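The following exercises ask you to read a protein model from its coordinates, and each task is followed by a worked solution.

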Amino acid sequence: MATFSNSSVLPAYMVFMFITNRLMSIINKFRPWLKYSSPYNKVLTVDVSNGFGFDPESTKIASTDYGKIVQEFPAAVYKPSTVSDIVNIVKFSYISPLPFTIAPRGHGHSIRGQAMARNGVVIDMSSLNNNNNEKDHSSSSRRIKVSWNLGHNYFVDVGSEQLWIDVLCECLKLGLAPVSWTDYLYLSVGGTLSNGGISGQSFRYGPQISNVLEMDVITGKGELMTCSKNINSELFYAVLGGLGQFGIITRARIVLDKAPTRVKWVRMIYEDFSTFTKDQEYLISIDKGLDYVEGSVIVQQSPSNNWRSSFFSSSHQAKITSLISKRGIIYYLEVVKYYDDQTADTVDEELEHLFEGLNYVAEFKFKRDVSYLEFLNRVRNGELKLQSQGLWEVPHPWLNLFVPKSGIIDFNAGVFVDILLKQGLPTGPILVYPISKNK
């Protein structure tokens with residue numbers, strides 16, 4: 001029979017009683033099992049009482065996400081200090097006769113409640129960064145470490161709770177950067193790797209999940225495992241893009257390359273969707289050509305300068321608005337070419353060569369020259385502007401689709417034209433861009 005006289009054991013026992021009471025409301029059914037279960041006695045030697053929040057403020061924050069469509073209240077929010085804390089709470093749930101739901105939450109940028117745990121426990125992954133005890137490092141760099149191997153290939157080991165903006169800034173200090181991004185950088189590494197991490201660089205470098213060398217993952221049984229293409233590969237491929245259903249990522253090793261310093265950023269307007277997609281497909285087929293290719297759909301009720309970036313000047317916007325009023329719907333191609341001091345004298349010539357034969361509307365090509373960091377972090381200013389206007393904390397329905405090349409023309413006719421344009425529906429940003437299947 002187990003006894004609970006040890007004071008170091010007692011807090012964990014009390015937390016178990018409290019959590020299960022909150023989660024299951026049947027604590028009395030557990031008492032016989034608690035007395036005789038040796039697996040539970042083993043877990044009780046670990047104090048997991050610190051870090052739990054049951055107060056309404058904590059649970060309310062964890063009950064919603066960026067989408068503002070789904071709301072599910074957890075029984076508790078857990079703020080781990082170490083990876084071992086997460087291991088213990090997952091084991092804790094696994095051995096229980098009535099296990100509770102656990103959901104890791106990074107930046108909460110999910111759309112339909114993927115980071116929520118109704119009547120369960122939401123793990124606030126960001127607290128790993130806040131509670132790290134390492135010294136002589138800023139808080140954003142505590143779990144961001146750049147290294148290299150004997151082949152002089154650079155990589156960065158990153159805690160899954162880290163935001164991509166912090167990873168970028170830390171790597172840029174050494175003139176390095178990951179090669180594949182999302183359009184918005186205030187997302188956690190674990191969050192995007194659980195989804196895919198897709199943007200305009202994916203045609204060339206693949207999505208973010210294609211640029212991971214290794215990960216540490218906590219499985220559903222509470223086992224902390226290192227995995228890669230060659231070690232525990234089944235887990236590796238299941239977790240990448242696995243929507244958090246196969247384990248909790250705690251560390252990822254990301255491929256790095258030399259970072260450019262500046263970018264040539266160009267947008268070109270199209271009136272015809274078929275021509276627009278044909279030119280996109282051509283541009284991504286060029287070896288060592290562009291570094292970023294995206295595209296957008298603009299209908300009459302859409303702003304020419306959407307919240308994702310302030311690209312067009314006021315005179316450009318007036319010109320574009322006039323074209324939209326005539327056509328009802330237009331498309332713009334958005335491309336980027338990276339450069340640095342060594343290629344600054346030739347980058348414009350390279351771009352013009354790449355643009356030869358494109359069929360955009362004459363005199364509707366717009367160019368900007370910005371820093372690499374400014375381009376990658378372009379969405380942030382729009383977000384801050386909306387926040388200041390009280391327009392950010394609203395529902396954000398968002399849909400991501402892979403449409404085969406054979407169906408994209410019909411998709412334009414059926415959705416963009418017949419639904420959005422003809423029915424006059426309001427829209428946010430609509431992105432359309434090609435991705436190579438071999439990436």
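Is Ser63 buried or exposed?

**Solution 1.** The model is predicted, so local features are used only with pLDDT of at least 70 and side-chain atom pairs only at pLDDT 80 or more, while totals for chains, interfaces and linings use all residues. Residues are numbered from 1 along each chain as its sequence is written, and side-chain values use heavy atoms, with hydrogens and water left out. Buried means under 20% relative accessible area, exposed means over 50%, and partly exposed lies in between (1.4 Å probe, protein chains only). Ser63 has 0% relative accessibility and therefore counts as buried.

**Exercise 2.** Locate Ser63 and list its surroundings.

**Solution 2.** Helices (H or I, at least four residues) and strands (E, at least two) are DSSP runs numbered from the N terminus, and on that basis Ser63 belongs to the loop between helix H4 (56-61) and strand E2 (76-78). A contact requires heavy atoms within 4.5 Å; leaving aside residues up to four places away in sequence, Ser63 touches Val70, Gln71, Glu72, Phe73, Pro74 and Met116. A polar contact is a pair of N or O atoms within 3.5 Å, where within protein one must be able to donate a hydrogen and the other to accept it, and residues adjacent in sequence count only if both atoms are side-chain atoms. The side chains of Ser63 and Gln71 make such a contact at 3.5 Å, and a polar atom of the Ser63 side chain lies 2.6 Å from the backbone oxygen of Lys60.

**Exercise 3.** Examine the backbone of Lys68 and of Asn232.

**Solution 3.** Most residues other than glycine have a negative phi. Lys68, in the loop between H4 and E2, has a positive phi near 55° and is partly exposed at 27%. Asn232, in the loop between strand E9 (224-228) and helix H10 (233-239), has a positive phi near 50° and is partly exposed at 35% relative accessibility.

**Exercise 4.** Describe the open sheet and the helix that packs on it.

**Solution 4.** Two strands pair if DSSP finds at least two bridges between them; the open sheet has 4 strands in the order E13-E14-E12-E15, with antiparallel pairing. Strands E13 (292-299) and E15 (365-371) stand at the edges with a single partner strand each, so one side of each has no neighbour in the sheet. E12 (residues 262-270) and E14 (residues 329-339) pair over 9 bridges, and Ile269 stands opposite Tyr332 in E14. Helix H13 (residues 347-355) packs on the sheet, touching E12, E14 and E15, and its direction makes about 25° with that of E12, where axes are lines fitted to C-alpha atoms, for helices over the stretch in contact, and angles run from 0 to 180 degrees between N-to-C directions.
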